[in-house]
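Reader: I would love a close look at one part of this protein, in plain words. Could you walk me through a single helix and what surrounds it?

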Amino acid sequence: HKQGFIREEYMKLLENYPDINMDRFWDALNGITCMNIDGESIVFHRDIELAIRCGMEDRSPTIQEWD
């Protein structure tokens, strides 16, 4: 979707990051805003990008990264 990723899409995207810390990935998505289209949750592109970055860098989002 132009607004973001459905779960199936971002799980497929994660296959490109075999060394990602999934705990950090999921922690970064905790508390985000998302939307619902046709019964599927859409996670905004920026939130997935940040979650991947946090998972790869083994860290939590900084206060400046929260939107």
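Author: Happy to, and helix 3 (45–57) is a good place to begin. Helix 3 lies across strand 1 and strand 3, running at about 70° to strand 3. That angle is taken between N-to-C directions, from 0 to 180 degrees, with axes as lines fitted to C-alpha atoms, for helices over the stretch in contact. Helices (H or I, at least four residues) and strands (E, at least two) are DSSP runs, numbered from the N terminus.

A word on the source: this is a predicted model, in which local features need pLDDT of at least 70 and side-chain atom pairs count only at pLDDT 80 or more, while totals for chains, interfaces and linings use all residues. Residues are numbered from 1 along each chain as its sequence is written, and side-chain values use heavy atoms, with hydrogens and water left out.

Now to the sheet that the helix crosses. It is an open sheet of three strands in the order 1-3-2, with antiparallel pairing; two strands pair if DSSP finds at least two bridges between them. Strand 1 (4–5) and strand 2 (34–37) are at the edges with a single partner strand each, so one side of each has no neighbour in the sheet. Strand 2 and strand 3 (residues 40–44) run antiparallel and are joined by four bridges, and Ile-37 stands opposite Glu-40 in strand 3.

Helix 3 also matters to the largest nonpolar core, which has 12 residues in all, including Tyr-10, Phe-25, Leu-29, Val-43 and Ile-48. Such a core is a set of buried Ala, Val, Leu, Ile, Met, Phe, Trp, Tyr and Cys residues joined through side-chain atoms within 4.5 Å. Helix 1 (7–14), helix 2 (22–29) and helix 3 are the elements that give two or more residues to this core, and helix 3 gives the most, with five residues.

Take Ile-48, which lies in helix 3. Ile-48 is buried, with a relative accessible area of 1%; buried means under 20%, exposed over 50%, and partly exposed in between (1.4 Å probe, protein chains only). Leaving aside neighbours within four places in sequence, Ile-48 is in contact (heavy atoms within 4.5 Å) with Phe-5, Tyr-10, Leu-13, Phe-25, Leu-29 and Val-43. The C-alpha atoms of Ile-48 and Phe-5 are separated by 7.9 Å, although these residues are 43 residues apart along the chain.

Finally, Arg-59 lies in the segment after helix 3. Its contacts, not counting residues up to four places away in sequence, include Leu-50, Arg-53 and Cys-54.
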